[in-house]
Amino acid sequence: MDHKEEQEQELEVLKSIYPDEFEEISEGEFRIRLEPEEQDSAAPLTLALHIKFTPTYPEEIPEISIETLDGSIEIDEHEKLYSELMNVAQDSLGMAMVFTLTSLLKDLLTSFVTERKDQRKKEEEDKIRKEIEAEQAKFQGTKVTVASFLEWKENYDKELEEKEKSTKSLATIKKDEAKKLKLTGRQLFEQDESLAKSDMTYLEEGDVTVDVSLFEREEDMSEEEEEDNSVIDLVRNIND
């Protein structure tokens with residue numbers, strides 16, 4: 001097989017198929033400019049298939065690379081394109097394969113552009129839908145579900161329980177304070193020994209101090225007299 005002759009014949013065919021897209025770089029090296037069937041005006045994308053024949057091509061795969069002429073592609077997109085080309089090239093060994101590779105790359109490019117347009121359209125529709133839903137939510141309020149109601153009920157019961165505990169605690173405090181208010185002066189005096197001591201500091205020379213124990217003895221004597229009178233009355237009733 002005359003590899004050189006086969007390569008020259010294939011180049012002539014490619015030049016006739018792609019008169020405007022074919023660009024010869026050097027002997028046996030060229031690139032073919034490719035655009036999708038329907039270009040995306042918002043994000044145009046144009047690629048080129050770069051080929052360099054090896055000495056024994058088509059018995060071996062030529063050097064293949066993908067160039068971005070307009071727009072941009074992601075790394076994973078580039079890897080996917082290159083992988084597809086290499087798989088087809090491997091299956092085409094022994095035959096002229098550039099036209100097949102070129103057609104494949106153009107189809108993949110068209111699919112990429114279409115997918116991008118569809119994705120952008122979907123994102124725009126989702127954005128509009130979310131804006132509409134947000135506006136409607138202002139008038140509709142929050143929708144109540146079984147789960148949301150049970151959560152609200154649990155929180156409400158906890159708050160109510162805390163309020164009841166707080167109210168009972170406050171009532172107890174007020175009750176204790178009320179009991180203190182009902183104490184007599186003497187009870188307060190006896191209950192708070194510090195009060196009695198503090199009052200002593202205000203006594204000046206010549207003032208009369210009060211001996212509390214005298215009041216206690218008088219109270220004890222009164223109680224004893226009452227008991228004696230009760231006994232006498234009982235005896236009189238029995239004698240009568």
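**Group meeting: a walk through a predicted model**

Val13 has a relative accessibility of 44% and therefore counts as partly exposed. I begin with this residue, and I should say at once that the model before you is a predicted one. Val13 sits in helix α1. In sequence, Val13 and Phe99 are 86 residues apart, yet in space their C-alpha atoms are 9.0 Å apart. Please keep that pair in mind as we turn to the overall layout.

The protein chain has 240 residues, of which 19% count as buried. Its secondary structure consists of 7 helices and 4 strands. In what order do these elements follow one another along the sequence? The pattern is α-β-β-β-β-α-α-α-α-α-α, read along the protein chain.

Let us now look inside. The largest nonpolar core contains 28 residues. Those with the most contacts inside this core are Phe30, Ile32, Leu47, Leu81, Leu85, Val98 and Leu105. Which elements each supply at least two residues of this core? They are α1, β2 (29-34), β3, β4, α2 (75-91) and α3 (98-140). The largest share, 8 residues, comes from α3.

Strand β4 also holds Ile66. Is Ile66 buried or exposed? Its relative accessibility is 9%, and the limit for a buried residue is under 20%, so Ile66 counts as buried. Ile66 and Tyr82 offer a second pair for comparing sequence with space: they are separated by 16 residues in sequence, and their C-alpha atoms lie 7.2 Å apart.

I move next to the loop between β3 (46-52) and β4 (63-70), where Glu60 is located. Pro58 has its place in the loop between β3 and β4 as well. What kind of peptide bond joins Tyr57 and Pro58? The bond is cis, with omega at about 10°. As for Glu60, its relative accessibility is 31%, which means that this residue counts as partly exposed.

Glu60 brings us to the charges on the surface. Together, Asp2, Glu5, Glu6, Glu8, Glu12, Glu59, Glu60 and Glu63 form a negative surface patch. Which element gives the largest share of the negative patch? That element is helix α1, residues 3-17, with 4 residues.

There is a nonpolar patch on the surface too. Its area is about 740 Å², and its members are Val144, Val146, Phe149, Leu150, Trp152, Tyr156 and Leu160. Let us take Phe149 as an example. This residue belongs to helix α4, which covers residues 146-182. Is a value of 42% relative accessible area, as found for Phe149, enough to make a residue buried, or does it leave the residue partly exposed? Phe149 is partly exposed, because buried means under 20% and exposed means over 50%.

I come to the salt bridges, of which the count is 14. I shall present three pairs and one network.

In the pair formed by Glu24 and Lys15, the closest N and O atoms are 3.4 Å apart. Glu24 is partly exposed, at 44% relative accessible area. Lys15 counts as partly exposed too, at 31%.

Another salt bridge links Arg31 to Glu23, with 2.8 Å between the closest N and O atoms. Here Arg31 has a relative accessibility of 23% and counts as partly exposed. Glu23, at 38%, is likewise counted as partly exposed.

The third pair I have chosen is Arg33 with Glu35, where the closest N and O atoms are 3.1 Å apart. Arg33 counts as partly exposed at 40% relative accessibility, and Glu35 counts as partly exposed at 33%.

Which residues are linked in a network of salt bridges? The network consists of Lys122, Asp126, Arg129 and Glu133.

To close, let me return to a few points. The core of 28 residues takes its largest share from α3. Helix α1 supplies at least two residues of that core, and it also gives the largest share of the negative patch. Strand β4 is another contributor of at least two core residues, and it is where we found Ile66. I suggest that you now locate Val13 and Phe99 in the structure above, whose C-alpha atoms are 9.0 Å apart. Thank you for your attention.

Notes:
Residues numbered from 1 in each chain as written. Predicted model: local features only at pLDDT ≥ 70, side-chain atom pairs only at ≥ 80, totals over all residues. Heavy atoms only, no water. Patch = residues over 30% accessible without salt bridge, like charges linked within 9 Å, V, L, I, M, F, W, Y side chains within 5 Å. Areas by Shrake-Rupley, 256 points an atom, 1.4 Å probe, with all protein chains shown as cover. Salt bridge = Lys/Arg side-chain N within 4 Å of Asp/Glu carboxyl O. Lys, Arg positive; Asp, Glu negative; His and termini not counted. Charge placed at Lys NZ, Arg CZ, Asp CG, Glu CD. Buried < 20%, exposed > 50% of the residue type's maximum accessible area, 1.4 Å probe, protein only. Core = buried A, V, L, I, M, F, W, Y, C linked by side-chain atoms within 4.5 Å.
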